[in-house]
Amino acid sequence: MGFLDHLSELCEFHRGTSRRKLSKLRRNQLATVEIRVKMDCEGCERRVRKSVEGMRGVTKVEVEPKKHKLTVIGYVDPDKVLRRVRHRTGKKAEFWPYVPYDLVDHPYVRGVYDKKAPAGYVRNVYDNPQASNLARASSTEVNYITAFSDENPQACMIM
């Protein structure tokens, strides 16, 4: 934040709202927070939903019990949502660690493929630098793989 921005905030006058309230609204941008929480029954589902419905800034809450997924949409801080879910439910919660397998170059590499992941999802390797090296093939690996693939018409000549 520059000096001119700070100066312009001091000079602004708004009716009915204080400067503090406006700065809080400006800080939190619209966010989609996806959290993984284990849910066994309808009671767990209801408890997880109720834990975040009352938060300030939340506009929409979606619970998918089969995927053990909670999606919160609104003007909220993701870390605060995660802490609140952990505190109110007493369950282990973490940010959604999965991405669709189409987004990963090699979805079945060790460290990327996860048996516990929902169908069509693998671990998010872009957040984990150790696993991301395994999930991406180098140019020499790609050359070897394509040289001996069935889709290469020259593969029989090489062999």
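The exercises below treat the strands, salt bridges and surface charges of a predicted model.

Residues are numbered from 1 along each chain as its sequence is written, and side-chain values use heavy atoms, without hydrogens or water. Because the model is predicted, local features need pLDDT of at least 70 and side-chain atom pairs count only at pLDDT 80 or more, whereas totals for chains, interfaces and linings use all residues.

**Exercise 1. Determine how the elements of the protein chain are ordered and how many there are.**

Step 1. The chain contains 7 helices and 6 strands; helices (H or I, at least four residues) and strands (E, at least two) are DSSP runs, numbered from the N terminus.

Step 2. Read from the N terminus, the order is α-α-β-α-β-β-α-β-β-β-α-α-α.

Step 3. Of the 159 residues, 28% count as buried, where buried means under 20% relative accessible area, exposed over 50%, and partly exposed in between (1.4 Å probe, protein chains only).

**Exercise 2. Identify the pairing partners of strand 3 and state in which sense the strands run.**

Step 1. Strand 1 and strand 3 pair in the antiparallel sense over 6 bridges; two strands pair if DSSP finds at least two bridges between them. Within this pairing, Val33 has Val72 as its bridge partner, and Thr32 has Ile73.

Step 2. Strand 2 (residues 58-64) also pairs with strand 3 in the antiparallel sense, over 6 bridges. Here Lys60 stands opposite Ile73.

Step 3. Strand 3 (residues 69-74) has 5 of its 6 residues buried, so the rest of the structure largely encloses it.

Step 4. Strand 1 is in addition joined by 3 bridges to strand 4 (residues 93-95), and these two run antiparallel. Val37 stands opposite Ala93 in strand 4.

Step 5. The covered face of strand 1 consists of Ala31, Val33, Ile35 and Val37, and the uncovered one of Thr32, Glu34 and Arg36.

**Exercise 3. Describe the turn of the hairpin formed by strand 2 and strand 3.**

Step 1. The hairpin has 4 residues between its strands.

Step 2. His68, in this turn, has a positive phi of about 55° although it is not a glycine. Most residues other than glycine have a negative phi.

Step 3. His68 is partly exposed, with a relative accessible area of 23%. Lys66, found in the loop between strand 2 and strand 3, counts as exposed at 83% relative accessibility.

**Exercise 4. Find which salt bridges involve Lys69, Arg36 and Glu64.**

Step 1. A salt bridge is a side-chain nitrogen of Lys or Arg within 4 Å of a carboxyl oxygen of Asp or Glu. The whole structure holds 5 salt bridges.

Step 2. Lys69 pairs with Glu34, the closest N and O atoms being 3.3 Å apart. Lys69 lies in strand 3 and Glu34 in strand 1, so the pair ties together parts that are 35 residues apart in sequence. Lys69 is buried at 7% relative accessible area, whereas Glu34 is partly exposed at 30%.

Step 3. Arg36 and Glu94 meet in a salt bridge of 3.0 Å, N to O. This pair links Arg36 in strand 1 to Glu94 in strand 4, 58 residues apart.

Step 4. Glu64 and Lys67 meet at 3.7 Å, N to O.

**Exercise 5. Locate Lys38 and name the residues of its positive surface patch.**

Step 1. Lys38 is found in the loop between strand 1 (31-37) and helix 3 (42-53), and counts as exposed at 55% relative accessibility.

Step 2. Lys38, Arg86, Lys92 and Lys116 form the patch. Patches are made of residues with over 30% relative accessible area and no salt bridge, like charges being joined within 9 Å.

Definitions and conventions:
Patches are made of residues with over 30% relative accessible area and no salt bridge: like charges are joined within 9 Å, nonpolar side chains (Val, Leu, Ile, Met, Phe, Trp, Tyr) within 5 Å. Accessible areas come from the Shrake-Rupley method with a 1.4 Å probe; for residues, only the protein chains shown count as cover. Lys and Arg count as positive and Asp and Glu as negative; His and the chain ends are not counted. The place of a charge is taken as NZ of Lys, CZ of Arg, CG of Asp or CD of Glu.
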